[in-house]
Structure formats: structure tokens, C-alpha cells
Amino acid sequence: MLSSQDAMALLDNHGRFIHVNVAWSKVTGYELSDVEGLTLSVMEGADTDTSMVQLYQTAMQERRAVEVNVLHYRRGGEKFVDQMTVVPIQGGYMQPSTFAALLCVASAPHPHVTDRVLPFS
């Protein structure tokens, strides 16, 4: 179970932010008012590996869960390795209406440690 300490954002079915919790704002420096209606690309920068971005974008398009380590940027420009898990939340007719994006700052120095599709949907 997630606690209020877990950094989490909710994304609509197009991958746009619709909610972020306090923990997510503390980690990233972004408030909901900064990112509402934007996609995760707001945290990408010059050193973000586009293959990792494509991996989670494809998983979201295919409505499946994915876990990736991706280099993201905080609002102030500081880099961090985001151990991100994106999970579809089922809506009506077995179609997800939203996604939960769980963020964990990785202790691993390299952003490509994990790039696996999770075995649940």
C-alpha cells in the first residue's frame, strides 16, 4: 500500500498530469499548477535517454504497466534517476481512464538499470 510519503502522480489517458501528491512535489519541485495538462516530458532534459521515454510512452499507449529508470530533471534543473513505475488504472469497459505514475529516486548512478515491462496490466 502506498503511503503519503510515496511520490505519486495521476495522469489522464493521454499521459497528462491531473494530480500530484505532496511527496511528488517535494521530490520534483513541481506543483500541480506547474504541470497540470502537461505530460511527463516536462521532466525531460538534454541527458534524458529517449529510448527510456519511448519505452514508457509505448507501454502507456498499449495500456500496460511498465517500470523504467529514466534520467529526469527537477524544476530547478537538478538531474535525478527516477525509478518510475507507470500503472494503468482500469476504467469502464476494461479501458484505463487514468495512469498512476510512482516515482522513486534511485540510488543507482546509471539511469538504465531497469527497463522492464511489469507482468500485470
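**View 1. Leu10 and His19 face each other across a bridge between two strands.** Start with Leu10, whose bridge partner in strand E2 is His19. This is a predicted model, so keep that in mind for every view. E1 and E2 run antiparallel to each other, and three bridges pair them. Four residues separate the two strands in this hairpin, and in the turn you'll find Gly15 with a positive phi of about 80 degrees. Strand E1 itself covers residues 7-12, and five of its six residues are buried.

**View 2. Asn21 sits in the loop between strand E2 and helix H1.** Strand E2 takes up residues 17-20 and helix H1 residues 22-28, with Asn21 in the loop between them. Is Asn21 buried or exposed? Its relative accessibility is 15%, so Asn21 counts as buried; the cut-off for buried is under 20%. Now look at the side chain of Asn21: one of its polar atoms lies 2.8 Å from the backbone nitrogen of Trp24.

**View 3. Glu36 is an exposed loop residue.** You'll find Glu36 in the loop between helix H2, residues 32-35, and helix H3. The relative accessible area of Glu36 is 52%, which is why it counts as exposed. Which distance separates Glu36 and Phe17 in space? Their C-alpha atoms are 4.9 Å apart, although 19 residues separate the two in sequence.

**View 4. Helix H3 has its buried residues on the same side.** Twelve residues make up H3, and the helix reaches 16 Å from its first C-alpha to its last, close to the 16 Å expected at 1.5 Å a residue. Which residues of H3 are buried? They are Met52, Val53, Tyr56, Ala59 and Met60. These residues cover an arc of only 130 degrees around the axis, so they end up on the same side of H3. A bit of helix geometry helps here: an α-helix has 3.6 residues a turn, so residues three or four places apart point the same way. Over on the other side of H3, Thr50 and Gln61 are exposed.

**View 5. Arg63 follows helix H3 and has a positive phi.** Here we're in the loop between H3, residues 50-61, and strand E3, residues 66-73. Most residues other than glycine have a negative phi. Arg63 is not a glycine, yet its phi is positive, at about 60 degrees. As for cover, Arg63 has 25% relative accessibility, so it counts as partly exposed.

**View 6. Strands E3 and E4 form another antiparallel pair.** Eight bridges link E3 with strand E4, which spans residues 79-90. One bridge to pick out joins Tyr73 to its partner in E4, Lys79. This hairpin has five residues between the strands, and Gly77 has a positive phi near 95 degrees.

**View 7. Stepping back, the protein chain has three helices and six strands.** Follow the chain from the N terminus and the elements come in the order β-β-α-α-α-β-β-β-β. Of the 121 residues in the protein chain, 42% are buried. The chain exposes about 6,600 Å², and carbon and sulfur atoms supply 53% of that area. What about contacts between residues at least 6 apart in sequence? Among these, 46% join residues at least 24 apart.

Methods: Residues are numbered from 1 along each chain as its sequence is written. This is a predicted model: local features need pLDDT of at least 70, side-chain atom pairs count only at pLDDT 80 or more; totals for chains, interfaces and linings use all residues. Side-chain values use heavy atoms; hydrogens and water are left out. Buried means under 20% relative accessible area, exposed over 50%, partly exposed in between (1.4 Å probe, protein chains only). Two strands pair if DSSP finds at least two bridges between them. The expected span of a helix is 1.5 Å times one less than its number of residues. The arc is that of the directions from the helix axis to the C-beta atoms. A polar contact is a pair of N or O atoms within 3.5 Å; within protein, one must be able to donate a hydrogen and the other to accept it, and residues adjacent in sequence count only if both atoms are side-chain atoms. Contact means heavy atoms within 4.5 Å. Accessible areas come from the Shrake-Rupley method with a 1.4 Å probe; for residues, only the protein chains shown count as cover.
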